[in-house]
Amino acid sequence: MEFQVTSNRVFLNNEAGELIAEVTFPLISEDTVNMDHTFVDDSLRGQGIAGKLVSLAVEQIKKDQKKVIPTCSYAKGWFEKHPEHRDILKNK
């Protein structure tokens with residue numbers, strides 16, 4: 001599986017080019033993104049794909065020197081379980 005990473009999205013397509021997993025984090029200000037959506041196709045459930053998506057997104061957000069506001073329920077839970085990455089959370 002080869003994840004594609006862009007400045008506001010991490011995703012995975014199947015061999016047919018169909019989207020099977022993604023996390024989106026659009027820019028909401030000059031220095032902040034909103035991690036607003038995580039999707040994993042049923043065929044991939046239980047394989048840790050959502051966690052990998054968020055982890056790759058966090059790497060990209062750090063690389064871009066941005067902060068994140070997680071509004072997606074999965075992302076909120078992920079940050080609770082990974083306090084070592086809370087440094088990129090935007091203080092409200």
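Let me start with the charges: in this predicted model, the protein chain carries 12 positive and 14 negative charges, and the mean positions of these two groups lie 7 Å apart. While we are on the outside of the molecule, the accessible surface of the protein chain comes to about 5,600 Å², and carbon and sulfur atoms account for 47% of that surface.

Turning to the fold, you can find two helices and seven strands in the protein chain, and if you follow the sequence from its beginning, these elements come in the order β-β-β-β-β-β-α-β-α. The radius of gyration is 13 Å, which is close to the 12 Å that the globule rule gives for 92 residues, so the protein chain is as compact as a globular protein of that length. Measured out along its principal axes, the C-alpha trace spans about 40 × 25 × 20 Å.

Among contacts in the protein chain with a separation of 6 or more, 39% are between residues 24 or more positions apart.

Now to the interior, where 37% of the 92 residues count as buried. In soluble globular proteins, nonpolar side chains tend to be buried together. Here the largest nonpolar core has 25 residues, and the members that touch the most others are Val10, Val23, Phe25, Met35 and Leu53. Two or more residues of this core come from each of the strands β2 (9-13), β3 (19-24) and β5 (32-35), and likewise from each of the helices α1 (49-63) and α2 (73-81). Which element gives the largest share of this core? That is α1, with eight residues.

Key
Residues are numbered from 1 along each chain as its sequence is written. This is a predicted model: local features need pLDDT of at least 70, side-chain atom pairs count only at pLDDT 80 or more; totals for chains, interfaces and linings use all residues. Side-chain values use heavy atoms; hydrogens and water are left out. Helices (H or I, at least four residues) and strands (E, at least two) are DSSP runs, numbered from the N terminus. The radius of gyration is taken over C-alpha atoms; the globule rule is 2.2 Å times the number of residues to the power 0.38. Buried means under 20% relative accessible area, exposed over 50%, partly exposed in between (1.4 Å probe, protein chains only). Contact means heavy atoms within 4.5 Å. Accessible areas come from the Shrake-Rupley method with a 1.4 Å probe; for residues, only the protein chains shown count as cover. Lys and Arg count as positive and Asp and Glu as negative; His and the chain ends are not counted. The place of a charge is taken as NZ of Lys, CZ of Arg, CG of Asp or CD of Glu. A nonpolar core is a set of buried Ala, Val, Leu, Ile, Met, Phe, Trp, Tyr and Cys residues joined through side-chain atoms within 4.5 Å.
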